[in-house]
Amino acid sequence: MGARLPILTYHKIAPIAKGTIYPGTFVPPSLFEKHLRLLRRRGFVSTRLNSQFGTESEAKPILLTFDDGFQDFADNAWPLLQQYGFGGVVFLVTNHLGGKNDWDINVGDQPAPLMNEATVQKLATEGVEFGSHTLSHPRLATLNDEEQRVELVESLHKLESLGTTPPTICYPYGSYNDSTLQIAREAGYKYGFSTDKGLNDSTTDSMRLKRIAMRHDTSVPSLIYKLWRGFRYDR
Ligand SMILES: [Zn+2]
């Protein structure tokens, strides 16, 4: 990796749902567009996982990631990303394609639809990159090795069957342990995305990439501050 790489984390690009217990997982489309406008104005250029990110002659690379694979990515985020010339990486919960966010619903949150296989395949042909967010969205660090292996290996096989590469894992809830990292490497994953805060460079463990969280209240000044803090203090 050449330049330092900020990786932004989004979940839903949609108006905040009534009754949600996780408002932070929403970024309204109008606010998301303001983010994109700022990033473009500041000269950030989307890098791609497939480009061994950062090694190309990108002065200010950035990666926009979207956890869980919500349908609103296809409906709201991708049209704006295309309009502003950015790419996107979406992490899918492969046992739930075409279903709902049961892992949230089970703790009292509102349902939200997830992209189905046809949508994933269509967006992949349009340039969206996809990675694994496991089979069922567990806290990996709470599982034994065999259970982790099933979550990591079978979700990767599913992604490969959909024709999406390269092998990339995003740990649900940012939960992982030493076994997770070892099993993921053995399974063939090339990159692992955490919720650890900071920027990434050539010294960053590629299986523990750091990210910056975007929320419903990440205003443009707040985004500017988060980027500044990342570049200044690496957190
Ligand atoms: Zn998630």
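Reader: Let's start with the sheet. Which residue is the bridge partner of Phe91 in strand 5?
Author: Keep in mind that this is a predicted model. Strand 4 (residues 89–92) and strand 5 run parallel and pair over four bridges. One step along that pairing, the residue in strand 5 that partners Phe91 is Gly131.

Reader: Glu129 and Gly131 point one way from strand 5, so to speak; which residues point the other way?
Author: Glu129 and Gly131 sit on one side of strand 5, and both are buried. The residues on the other side are buried too, and they are Phe130 and Ser132.

Reader: On to the metal. How far from the zinc ion do its protein donors lie?
Author: Three residues donate from the protein: Asp68 through OD, and His133 and His137 through NE2. Along the chain, their spacing reads D-x64-H-x3-H. The donors lie from the zinc ion at 2.1 Å.

Reader: How many residues apart are Asp68 and His133?
Author: The two donors come from distant parts of the chain. Asp68 belongs to strand 3 (residues 61–68), while His133 is in the loop between strand 5 (129–132) and helix 5 (145–161). Both Asp68 and His133 are buried. Their separation along the chain is 65 residues.

Reader: What relative accessible area does Asp68 have?
Author: Asp68 is part of strand 3, and its phi is near 90 degrees, which is positive even though the residue is not glycine. A residue counts as buried under 20% relative accessible area. Asp68 is buried, with a value of 6%.

Reader: And Tyr173: buried, partly exposed or exposed?
Author: Tyr173 is another non-glycine residue with a positive phi, about 60 degrees. Its place is in the loop between strand 6 (168–170) and helix 6 (178–187). Partly exposed covers the range between the 20% and 50% cut-offs. At 36% relative accessibility, Tyr173 is therefore partly exposed.

Reader: Back to the strands. Which residue in strand 3 is the bridge partner of Thr9?
Author: Strand 1 and strand 3 run parallel, joined by four bridges. Thr9 points the way Ile7 does from strand 1, with Leu8 and Tyr10 pointing the other way, and all four are buried. Across in strand 3, the partner of Thr9 is Thr65.

Reader: Which residue in strand 8 does Leu8 stand opposite?
Author: Strand 1 also runs parallel to strand 8, with two bridges joining them. In that pairing, the residue of strand 8 opposite Leu8 is Ile212.

Reader: Which helix gives the most to the largest nonpolar core?
Author: This core has 36 residues, and Leu8, Phe32, Leu64, Phe66 and Phe73 touch the most other members. Strand 1, helix 1, strand 3, helix 2 (71–84), strand 4, helix 4 (117–125) and helix 7 each supply at least two of its residues. With seven residues, the one giving the most is helix 2.

Reader: Leu64 sounds busy. What does it touch in the range from Gly87 to Val89?
Author: Leaving aside residues up to four places away in sequence, Leu64 has contacts that include Leu8, Tyr10, Phe32, Leu36 and Leu39. Ser46 and Leu81 are also among them. In the stretch you asked about, Leu64 touches Gly87, Gly88 and Val89.

Reader: How many residues does the other core have?
Author: That core lies apart from the one just described. Among its members are Tyr171, Tyr176, Leu181 and Ile183, and its size is eleven residues.

Reader: Within what arc do the buried residues of helix 7 fall?
Author: The buried residues of helix 7 are Leu223, Lys226, Leu227, Arg229 and Gly230. Looking down the helix axis, they line one face, because they fall within an arc of 160 degrees.

Reader: Which elements do those buried residues of helix 7 pack against?
Author: The opposite face carries the exposed residues Pro221 and Arg232, so to speak the outer side. The packing partners of the buried residues are strand 1 (7–10), helix 1 (29–41) and strand 8 (209–213).

Reader: What is the reach of helix 7 from its first C-alpha to its last?
Author: Helix 7 (residues 220–233) has 14 residues. At 1.5 Å a residue, 20 Å is expected. The model comes close to that, with 19 Å.

Reader: What relative accessibility does Trp228 have?
Author: Trp228 lies in helix 7. Its C-alpha is 25 Å from that of Gln83, with the two positions 145 residues apart along the chain. Trp228 counts as partly exposed because its relative accessibility is 45%.

How values were computed: Residues are numbered from 1 along each chain as its sequence is written. This is a predicted model: local features need pLDDT of at least 70, side-chain atom pairs count only at pLDDT 80 or more; totals for chains, interfaces and linings use all residues. Side-chain values use heavy atoms; hydrogens and water are left out. Donors are N, O and S atoms within 2.8 Å of the metal (3.2 Å for Na, K and Ca); water is not among the atoms, so sites may look incomplete. Buried means under 20% relative accessible area, exposed over 50%, partly exposed in between (1.4 Å probe, protein chains only). Two strands pair if DSSP finds at least two bridges between them. The expected span of a helix is 1.5 Å times one less than its number of residues. The arc is that of the directions from the helix axis to the C-beta atoms. Contact means heavy atoms within 4.5 Å. A nonpolar core is a set of buried Ala, Val, Leu, Ile, Met, Phe, Trp, Tyr and Cys residues joined through side-chain atoms within 4.5 Å.
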